[in-house]
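Welcome, and thanks for taking a look at this one with us. Please open the model in your viewer and keep the sequence beside it.

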Amino acid sequence: MTAKTPVLLLDKEGVHGEKTEKILREFLQFYEDQYGVALFNSMRHEIEGTGMPQAQLLWRKVPLDERIIFSGNLFQYQEDSKKWRNRFSLVPHNYGLVLHENKVAYERQVPPRAIINSAGYKVLTSLDQYLELVGNSLPGTTSKPGSTPIFKCPTQFPLILWHPYARHYYFCMMTEAEQDKWQAVVQDCVRHCNNGIPEDSKVEGPAFTDAIRMYRQAKELYGTWEMLCGNEVQILSNLVMEELGPELKAELAPRLKGKLQERQRQWIQISDSAYRMVYERVKVLFEETLSKLQRARPAMEATIRTDMDQIITSKEHLASKIRAFILPKAEVCVRNHVQPYISSILEALMVPTSQGFTEVRDVFFKEVTDMNLNVINEGGIDKLGEYMEKLSQLAYHPLKMQGCYDKMEPLRLDGLQQRFDVSSTSVFKQRAQILMREQMDNAVYTFETLLHQELGKGPTREELCKSIQRILERVLKKYDYDSSTVRKRFFREALLQVTIPFLLKKLAPTCKSELPRFQELIFEDFARFLLVENTYEEVVLQTVMKDILQAVKEAAVQRKHNLYRDSVVLHNSDPNLHLLAEGAPIDWGEEYGDRGDGGGGSPGPVAPEGATLSEKRRRAKQVVSVVQDEEAGLPLEVGSEPSPACPASPDSVNTIRSLLSQDLQAESPLLNGAPVQETPQPEAVPEMPPHLPPEKAVDLEPSNPTNQETGEQVSSPGGCTLIHTTSEDSSGVQTEF
């Protein structure tokens, strides 16, 4: 049995290929139905508004691009050669984990070995954890604790990326400190990539997530879903594999040969190959469907604008009829099975979430206070650009934010989790952690904006320190208010996520079969914008919403966890503050940093528009400094080979600004499964990296790239693209999920 088996089984004419097509076609019908509903809801929201309280903090409209979150060396296990190789890795601002052959290859702009999109992955630091997950993924291959693993780790500090369907990645570090740092960085990558559907997508995003929920409920799968991770294509691939995976296991597991570890390795390769093929098919069909809907959107918008009042009237009439039918049953269900547990669920959510937001406040206070002390004791205004450059990146510093994120880890819904069929609390943890990062960045950006305004008055060092303290107190008040608003909204949403699927499942046996008779109440012209199933869910939501709002309101009235009442409005609110955010983004390095020092001063200025690629790469700023000794090697007796010597990496944020960064665009998706392409560059002598002294300079003259180096694919005969398990020896560029 080899990894090529799925190529035969999942071919377009194969039985599993037919199954994939059937699942996709069925889901895409749900998506088309939900698209019209989401478009109507979005346009209605624009007209009516929601009356949400205005945020006190500013938000960054221009993202911090051209940043390197982290870079350094780590050891990666090559599955085909069964050897450990030292890799230079970096995490750019789009959070794709980029693996290069070594640092010299990175500086020479050689295409990376791999770009890993970590959506849906779990970060493990224990071989026992990994063996348990692998054993559970394939029937009859459960590993016993202490049994021989799939690979041998030469140190006590592994870092493993596990995915239920895609390939796994094995890394290790030399020290526990390195392991902790990499774990925080990679976990931040997972957190960011999991949140792959843009929140500013007011139509496509809601339509997709509602279609996923409706599709799974049609299969009687209610409750949260752990694999709602990544962008639309990744999520839909997970949905297909959720159904296709068991069939593959049943058919192929008995045919796997060899020892336990070999069978497990074979299954991982087979699952990965199947996932790649599903991904490619999903991508084509989803993009075709989305393109069709976007072409039809102008006509749909015109209909909605013309008939908005009639559609709303029709929906209210439909809702009143459904409400009259289900309300007695729904109220009894809420009173007996939901209402008694709302306060317990809320308390379980409030404690860790509020602790995390308090930690965000404390970290922000400490960083600004430390900066103020540095202004007093060291460089004053001359060093302000350097200090503010670091502070501006605080929300994206995985290590400094880790203490905030860790507060969510104790979240448990003991007893309640089984009652309400919540498969995992990870969805709530991740959402709260993302909100923490957003609020930290909002606080930092508001502080930046106010301080920049103050600096226009030309303060002395003493006046500047007093101003920093005053602005800090002002921002903290705004943070407390926004933190309360954000947490209350999070609590309401989480309570709905827990209770609504439970109610729908309880009511389904007596109510769902009766819903088709309400279809006749919808005019044919409005059928694209009104669905009986959606209106039914809204009515169910309304039956429990009153109790949820009351529970959150009571917690705020009692000032639990520093929650504010909805009626509280900041008396020192700044009505003109938001006007300050309309200006150009602040470049602290350009305006207040040391000029032209080329060494350990403040980060250099951002490359001006039209700058060459090499200039942009030199100016890239790094958020987290490196701790690992890049020249360290693994014991040779475990099968590793001596790594080529790489230039030592600087250890401070100041000097790391000269690192060259891969020119990865934040808006371009990280598509694992497609080789990294490089645009041919005109032959030229690259500039010398400024951090290398003359005596350690290396020849950076690029050689003519081969097909493997540029990632070019050669189609196989018959038009079928073969799936290869790439490795050190078989391909210059790995294609990764």
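What follows goes from the whole chain to one strand and its partners.

## The protein as a whole

Please keep in mind that this is a predicted model. The protein has 737 residues, and 54% of them are buried. Its secondary structure consists of 19 helices and 8 strands.

The accessible surface amounts to about 33400 Å², with carbon and sulfur atoms holding 51% of that area. How are the contacts spread along the sequence? Taking those between residues at least 6 apart in sequence, 80% join residues at least 24 apart.

## Strand β1

Let us now turn to β1, which spans residues 67-78. Is this strand mostly covered or mostly open? The answer is covered, since 12 of its 12 residues count as buried, each having under 20% relative accessible area.

## The hairpin with β2

On one side of the story is β2, residues 83-92, which runs antiparallel to β1 and is joined to it by 10 bridges. If you would like a pair to click on, L74 has R87 in β2 as its bridge partner.

Between the two strands of this hairpin lie 4 residues. Which residue there takes a positive phi? That is K82, with a value near 55°.

## The pairing with β7

Strand β1 also pairs with β7, residues 169-172. This pairing is antiparallel too, and 2 bridges make it up. Here F75 is a handy place to look, as it stands opposite C172 of β7.

Note on methods: Residues are numbered from 1 along each chain as its sequence is written. This is a predicted model: local features need pLDDT of at least 70, side-chain atom pairs count only at pLDDT 80 or more; totals for chains, interfaces and linings use all residues. Side-chain values use heavy atoms; hydrogens and water are left out. Buried means under 20% relative accessible area, exposed over 50%, partly exposed in between (1.4 Å probe, protein chains only). Two strands pair if DSSP finds at least two bridges between them. Contact means heavy atoms within 4.5 Å. Accessible areas come from the Shrake-Rupley method with a 1.4 Å probe; for residues, only the protein chains shown count as cover.
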